[in-house]
Amino acid sequence: RLVRHRTQKRDDQASLEVLVNTVIEKFSQHPQMGSVRLIRAKDHEVEEQFRNNRYVGLGVALGIDQQSGCAQFPRVMPGGAAERGGVEPNTIILEIDGQSTKGVPLQKLLDTLRGSLGSEVTLKVAASGNRPEREVTLTRGFVRIDSVYTHDRAPVSRGSLRWNAREPIGWLAVPQLTGSTLHELRSAEVRLRAEENRAVILDFQNSERSDDFHQAQLVADGLLDGGTLWNRQARDEEPQAVVADRECLFRGLPLVIVVNEHTGPAHAAIAAALQDAGRAVLVGQSPPFE
């Protein structure tokens with residue numbers, strides 16, 4: 001009976017895989033579907049956290065140390081659990097909850113480090129220099145991820161926003177769109193005006209290839225003083241104009257948006273809306289979108 005149960009389970013799994021592959025193939029062949037991207041449920045949850053700037057983690061970038069083959073934190077984010085626990089950039093992670101990281105694939109390490117808000121993880125770390133190995137227990141929490149930076153990729157909360165100290169022109173790089181992007185732009189405006197800048201450059205070059213048009217709409221709306229953002233059309237419905245309200249960040253300051261072939265679709269939508277409204281001048285290479 002046990003053998004029959006295992007055989008049935010394998011057959012059911014094989015049938016499920018055939019069904020999934022068939023569905024993917026049919027969807028990908030549909031003329032209105034474009035490319036189909038499947039991700040794991042846990043990765044989808046992480047993407048949603050990033051979209052809303054509510055990512056739960058330790059506040060680190062994860063890599064592999066080529067010499068030891070163990071996990072490494074090449075970057076430690078300010079204010080995160082790792083920084084509060086005294087973990088420094090380039091720290092080598094020998095063990096995660098008692099399990100060695102040597103030779104473990106990066107994706108598996110990511111899955112091990114991720115966890116729910118308030119949960120703990122114990123790391124055995126080896127800092128640079130001759131300092132001894134030690135264990136540190138960290139509590140996972142919300143990690144603030146900046147989405148607006150200065151020209152030299154520093155968060156707007158630190159450093160000058162001018163791209164040239166002698167020119168009263170502010171430069172804001174926006175590589176990604178999150179739930180806090182509009183708030184960060186509002187904060188940047190206060191500093192830009194305090195520094196008496198007379199124009200603003202928004203750098204959309206090399207932005208993430210995001211299709212989060214909800215966040216794009218919020219940002220475009222915040223940059224326009226009324227008027228139409230774009231027309232939205234659902235299947236079998238008449239086009240409907242999406243109209244901006246009267247909030248207008250950087251009011252009275254000329255806007256220049258820099259784009260290139262790596263500008264993502266959501267960023268391109270913002271740039272197009274501002275150009276069509278006469279609010280901004282676009283420079284650079286056009287993104288490859290239809």
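Colleague: Which elements are included in what covers the buried residues of α7?
Modeller: This is a predicted model, so local features need pLDDT of at least 70 and side-chain atom pairs pLDDT 80 or more, while totals for chains, interfaces and linings use all residues. Residues are numbered from 1 along each chain as its sequence is written, and side-chain values use heavy atoms, without hydrogens or water. Helices (H or I, at least four residues) and strands (E, at least two) are DSSP runs numbered from the N terminus, and contact means heavy atoms within 4.5 Å. The cover of the buried residues of α7 includes α6 (213-223), β11 (228-232), β13 (255-259) and β14 (280-284).

Colleague: Which residues of α7 are buried?
Modeller: Buried means under 20% relative accessible area, exposed over 50% and partly exposed in between (1.4 Å probe, protein chains only). In α7, that list is Ala266, His267, Ala268, Ala269, Ile270, Ala271, Ala273 and Leu274.

Colleague: How far apart are the end C-alpha atoms of α7?
Modeller: The expected span is 1.5 Å times one less than the number of residues. For the 12 residues of α7 (residues 265-276) that should give 16 Å. The model agrees, because the end C-alpha atoms are separated by 16 Å.

Colleague: Which element gives the largest share of the largest nonpolar core?
Modeller: Such a core is a set of buried Ala, Val, Leu, Ile, Met, Phe, Trp, Tyr and Cys residues joined through side-chain atoms within 4.5 Å. The largest one has 35 residues, and Leu172, Leu202, Phe250, Ile270 and Leu274 have the most contacts inside it. Two or more residues each come from α5 (181-194), β10 (199-203), α6, β11, β13 and α7. With 6 residues, the largest share comes from α7.

Colleague: What kind of aromatic pair do Trp163 and Trp171 form?
Modeller: Rings of Phe, Tyr and Trp (its six-membered ring) pair if their centres lie within 6.5 Å, with planes under 30 degrees apart stacked, over 60 edge-to-face and the rest tilted. The structure holds 1 aromatic pair. Here the centres of Trp163 and Trp171 are 6.2 Å apart and the planes differ by 35°, so the pair is tilted.

Colleague: Is Trp171 buried or exposed?
Modeller: Its partner Trp163 counts as partly exposed because its relative accessibility is 40%. Trp171 has 16% relative accessibility, so it counts as buried.

Colleague: Where is Asn206, with its positive phi, found?
Modeller: Most residues other than glycine have a negative phi. Phi of Asn206 is near 55°, and at 48% relative accessible area Asn206 is partly exposed. Its place is in the loop between β10 and α6.
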